[in-house]
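Subject: Structure handover

Hello,

Here is the structure we spoke about, with the sequence. Some notes on the strands and the cysteines come after it.

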Amino acid sequence: MVAAISPRGVDAIPSPALRARLWRDDLAREHGFEPLAVEGAMPAELRGTLYRNGPGLFGQFGKRYSHPFEGDGAVTAVRFGDGGVLGASRVTQTAGLLAERAAGELKYGFSLSWRRRFANMLRGRFKNTANTSVMIWQGRLFGMMEGAKPTELDPQDLEMIGETDLGGMIVGAFSAHPHRVASRAASYNFGLEYGKTTRLHMYELPDQGAARRIGSLALQGPAMLHDFIATDTHLIFFVPPSRVHVPRMLLQLGRFDDLFCWRPELGTEIICVPIDRPDEVVRFTTDAFYQWHFTNAFDRGGELVIDYVRYPSFDSFYAIGAYARGDNPPALSGGQAHRATISLATRTLRSEPLFDDSCEFPTVAPGREGREHGLSYFALGDNAIGKLDHATGRLSTRPSGEDVSTEPLFVARPGAIAEDDGWLLALCHDETSDRACVAVYDAKRLDGPIARAWFDHQIPITFHGTFLGS
């Protein structure tokens with residue numbers, strides 16, 4: 001079906017009720033690939049599959065999970081090709097979820113009684129929810145969370161294959177935020193191993209050949225570290241003073257979000273690891289700040305330049321938890337796009353804002369990862385997307401056309417060279433119809449969605465995704 005698109009105005013502010021439902025209501029319907037209703041003119045050259053991941057179940061057996069981050073992951077996929085647009089959405093059938101369903105009761109998490117939580121801690125039992133991100137590596141699809149190993153899925157039907165340590169290479173957990181470095185034909189990731197000393201392990205996943213562990217280093221405490229970034233030469237970690245509250249963790253006291261605390265007096269530690277010389281680490285501490293996500297980074301002489309979204313504190317973490325409790329706080333905000341410059345010689349960092357608007361989920365064009373980029377893309381607030389031209393400092397913004405939009409991913413037109421010669425894809429949520437859609441924008445003009453592919457149901461909030469071309 002092809003129809004005219006009527007863009008919503010910039011004043012179309014999503015209601016608190018919709019925002020809350022996306023963080024609290026389970027996936028309405030699970031299904032394999034089936035035709036989606038297309039509105040507008042879908043570009044014929046747009047071919048491949050968009051994969052998105054986020055929590056799909058927020059509770060079971062009449063009990064709610066204590067925090068959205070405890071939700072069971074659900075992968076949504078949208079396939080563009082000659083047969084039109086097909087969509088699938090499935091809750092990932094992890095080993096922990098299958099065990100709970102077989103038992104007919106919750107077996108993990110902070111919705112259990114204290115005795116059962118404490119028993120799980122003593123036995124080292126927890127559920128890998130695979131609920132944060134997805135990774136494509138050597139044609140394989142993985143669902144990711146930062147506190148566990150990756151969960152492999154079949155990219156053709158989203159069925160679970162199983163948790164993997166990639167041939168015994170992974171020690172402890174594997175972050176949900178791998179980053180590719182195009183010039184090295186490899187992706188990089190990290191994982192934390194908690195114990196008497198918290199260790200940060202670093203990994204390389206080459207386009208061809210086996211994954212390998214680059215090295216490891218000890219952190220100053222039990223940090224909560226969500227993301228990192230890479231250049232052609234370095235892996236870069238901003239380790240904020242968000243800490244695991246060890247006594248509460250060991251005794252399983254309080255709610256999920258009580259397990260973490262903000263210690264600004266510790267400052268944020270900057271760690272720069274040369275990929276080819278991982279023992280020659282540069283480390284120093286600066287004033288405290290927090291970041292969820294990085295945009296990109298690149299080398300400039302003896303400096304490292306890092307774009308990221310900066311927060312003054314850890315408050316956004318607690319705001320997310322409030323959704324699960326029905327407190328219905330205002331929209332998440334407070335993140336500001338920054339550019340940091342690190343001098344390796346003087347071990348200093350300076351950081352400046354790139355624009356004033358609140359933003360999150362920054363991305364760049366594939367192929368620019370690890371090297372200097374001219375454009376960045378953002379989700380602005382709840383219902384707009386933005387494109388920043390770094391040469392001019394101009395931020396182009398556009399209402400998404402829906403009530404809530406998420407991380408915009410750039411897909412290049414075949415043969416394209418320019419960083420905006422292609423399309424932005426965003427999984428969006430419409431309150432009026434109570435349905436989700438993938439909105440497609442011309443990245444060069446950014447003048448509203450040129451097409452939408454509609455599911456017949458709503459999809460809970462998704463965090464991150466990737467696109468696999470065909």
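Which residue in β6 is the bridge partner of Leu-50? In this predicted model, the partner is Val-78. That pair belongs to a longer run of contacts: strand β3, residues 48–57, and strand β6, residues 72–81, are joined by 9 bridges. The two strands run antiparallel.

Both strands sit in an open sheet of 5 strands, with antiparallel pairing. The order across the sheet is β1-β7-β6-β3-β33. At the edges are β1 (31–35) and β33 (464–469), each of which pairs on one side only. On average, neighbouring strands in this sheet are turned by 20° against each other, ignoring direction. As general background, strands of a sheet pair through backbone hydrogen bonds, and the pairing can be parallel or antiparallel.

Now the cysteines. How many disulfides does a search of the whole structure find? The count is 0. Cys-359 is in no disulfide, and the nearest cysteine sulfur, in Cys-428, is 17 Å away. Cys-359 is also buried, its relative accessible area being 3%.

Why is there no bond between Cys-437 and Cys-428? The sulfur of Cys-428 is the closest cysteine sulfur to that of Cys-437, but the two are 5.1 Å apart, which is too far for a bond, because a disulfide needs the sulfur atoms within 2.5 Å. Cys-437 counts as buried as well, with 0% relative accessibility.

Regards

Notes: Residues are numbered from 1 along each chain as its sequence is written. This is a predicted model: local features need pLDDT of at least 70, side-chain atom pairs count only at pLDDT 80 or more; totals for chains, interfaces and linings use all residues. Side-chain values use heavy atoms; hydrogens and water are left out. Two strands pair if DSSP finds at least two bridges between them. Helices (H or I, at least four residues) and strands (E, at least two) are DSSP runs, numbered from the N terminus. Axes are lines fitted to C-alpha atoms, for helices over the stretch in contact, and angles run from 0 to 180 degrees between N-to-C directions. Buried means under 20% relative accessible area, exposed over 50%, partly exposed in between (1.4 Å probe, protein chains only).
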